[in-house]
Amino acid sequence: MKNIKSKISIVIIVSALFFTSCEKSDNYMATGNDEIHLFIWRAMNNYYLWQPNVSDLSDTRFTNIGQLYSEYSSFSSPRDVFESLRYQPGVVDRFSVIVDDYVALENSFQGINVSSGMEFGLVRYANDNSKVFGYVRYVVPGSDAATQNIQRGMLFTEVDGVQLTESNYRDLLFDDSNSYTINFADFNGGNPLSNSTSISLTKTQLQENPVAIVKTFQEGNNKIGYLLYNQFSSSFDSDLNAVFSTFKSENIADLIIDLRYNGGGSVNTATYLGAMVTGQFNGQLFSKEQWNTKIQELLDASIFENNFTNEIVKRDQNQNIILQEPINSLNLNRVYFITSGSSASASELVMNSLSSYIDVSSVGKTTIGKVHGSVTLYDSDNYTRTGNNLANEHTWALQPLVLEILNKDNFNDPNGITPTVELAEDYENLGVLGERSDPLLDRTILLIATGGRSMNTRVNEFSELKQISNSKENYPSGNNMFIELKNKNLNLIDLGDKKII
């Protein structure tokens, strides 16, 4: 759960099987997806944050495995079983997911996705809400989109000659095909018109370094550091730390962290970033987690605390240290963020947790409001990838929400973090990321220089067109904020007389 502090270990609830702890194969002949359904139910019963609120996840819901097999035998897929166990999906539980390829999910958490390298947002037309256009946010270096000279700010309305709509964009842009043709358009007041330009793009497996742009600006007598950071990926913790070494050597006075396209990621990495910004709070509480009552009542509260730290420690699956380095801390007393409606989870965690200690300001739009974290649960004895008896006949895994995360003051904001200065991206004039031509970066530097916080709700009359999705949301990792279950030094908790199948 927390590889930041070696003394911390994770909860694995050992379910008693029937009244005699029989193996799941005893007396009951599983057919079809029965055993996958059993895995889903057990994992959700043990870990799901809202387990007490879902009657079908009650410890007494089934008296034997045969009943469970029978209950879910008519479900068409494991996905349907999982969805039936979520608590008010889309309202309370907005982000729990199940995947049929956990390798793709693991890769996505480390920035590895099948993509053309064109990262984009999707926006409704001004005069026709059924139609959608895309705008290019940025292009991943080394990708096919980079080779094809796709540029930030380009607009597209059709894929393979078909107009994008709210009902078809997933099939057109995020299906399993490895190539597609984008038809470009001109803005036309928010109702784009084709400009007869098209480019064919090929999807390949890419790993994106989330440490995208690092710059220093001279503003008067002060130096301002700028970091565009696009995912909390633990594979790049050392790269992130190196950025702060640069900022230290350049003696920056202020820092801008651009999270406008960052949908989240690792809680550990978020804690490291908080320590890089500060440093003067080492060992103090960064954030705390609330799990379901079944888990919460069995462990000391300190197990669920994440503290500021002064070093990065990474371990392999056998808990051997593979990376250990001191954190480069700036000891700042204030920090500035750039946000959007795509900033989520770990992005919000850093902002919220730092706000208990230093002055946090932001420019952009209100964040998503994702205050819950997840874990990856595999079909093995202890739900980890390296656990005993890992199923070898399927690659289904769960990514359910298992915790709510709060700052030192017991606060989070499920409605999203409201910016200090509200400013939307202008689809006609996005500017260049990392340059003063970017209106959001320019406004943030102005905020630092003058302290001016007047609300500026629009760049122009079209800046508030409704965004409905973006490319990153549709990767396997989506907007997940996650922790990792480790397979060593576990606290195994037997529920004693509770008889859970």
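Two strands count as paired when DSSP finds at least two bridges between them, and that rule is worth keeping in mind during this tour of a predicted model.

**First stop: the six-stranded sheet.** Begin by selecting residues 359–364, which form strand β19, together with β24; these two strands run parallel and are joined by two bridges. Within this pair, Gly364 has Glu422 of β24 as its bridge partner. Now widen the selection to the whole open sheet, whose six strands follow the order β11-β12-β13-β18-β19-β24 with mixed pairing. Because β11 (211–219) and β24 (421–422) stand at the edges and each has a single partner strand, one side of each is left without a neighbour in the sheet. Next add residues 267–277, helix α8, which packs on this sheet and touches β12 (222–229), β13 (254–258) and β18 (334–339). If you compare directions, that of helix α8 makes about 160° with that of β13.

**Second stop: the four-stranded sheet.** Move on to the open sheet with the order β15-β14-β23-β20, in which the pairing is antiparallel. Its edges are held by β15 (305–307) and β20 (372–374), each with a single partner strand, so one side of each is left without a neighbour in the sheet. Looking across this sheet, you can follow how neighbouring strands are turned against each other by 30° on average, direction ignored. For a more detailed view, select residues 285–290 and 401–406, which are β14 and β23, and which pair in the antiparallel sense over three bridges. Here Glu289 stands opposite Ile405 in β23.

**Third stop: a loop residue.** Select Asn64, which has its place in the loop between α1 (34–47) and α2 (65–72). A polar atom of the Asn64 side chain lies 3.1 Å from the backbone nitrogen of Gly66, and a polar atom of the same side chain lies 2.8 Å from the backbone nitrogen of Gln67.

**Fourth stop: the cavities.** A search of the whole structure finds three cavities of 30 Å³ or more, and the largest has a volume of about 210 Å³. To find this largest cavity, select Asn113, Gln231, Lys472, Tyr475 and Ser477, which lie nearest its centre among the 20 residues that line it. The elements that give two or more residues to this lining are β3 (112–115) and β10 (204–207).

**Last stop: confidence.** Finally, colour the protein by pLDDT, for which the mean is 90, with 89% of the residues reaching 70 or more. Select residues 14–25, where pLDDT stays under 50 and where the model has 33 contacts beyond four places in sequence. Then select residues 486–499, where the pLDDT is below 50 and the model has 39 contacts beyond near neighbours in sequence. Where pLDDT is low, the predicted coordinates should not be read in detail.

Key
Residues are numbered from 1 along each chain as its sequence is written. This is a predicted model: local features need pLDDT of at least 70, side-chain atom pairs count only at pLDDT 80 or more; totals for chains, interfaces and linings use all residues. Side-chain values use heavy atoms; hydrogens and water are left out. Axes are lines fitted to C-alpha atoms, for helices over the stretch in contact, and angles run from 0 to 180 degrees between N-to-C directions. A polar contact is a pair of N or O atoms within 3.5 Å; within protein, one must be able to donate a hydrogen and the other to accept it, and residues adjacent in sequence count only if both atoms are side-chain atoms. pLDDT is the predictor's confidence in each residue, from 0 to 100. Contact means heavy atoms within 4.5 Å. On a 1 Å grid over the protein atoms alone, a cavity is a set of points where a 1.4 Å probe fits but cannot get out, and a pocket is an open set with protein on both sides within 12 Å along at least five of seven lines; lining residues have an atom within 4 Å of a point. Grid points are joined across faces, edges and corners, and a volume is the space filled by probe spheres set on the points.
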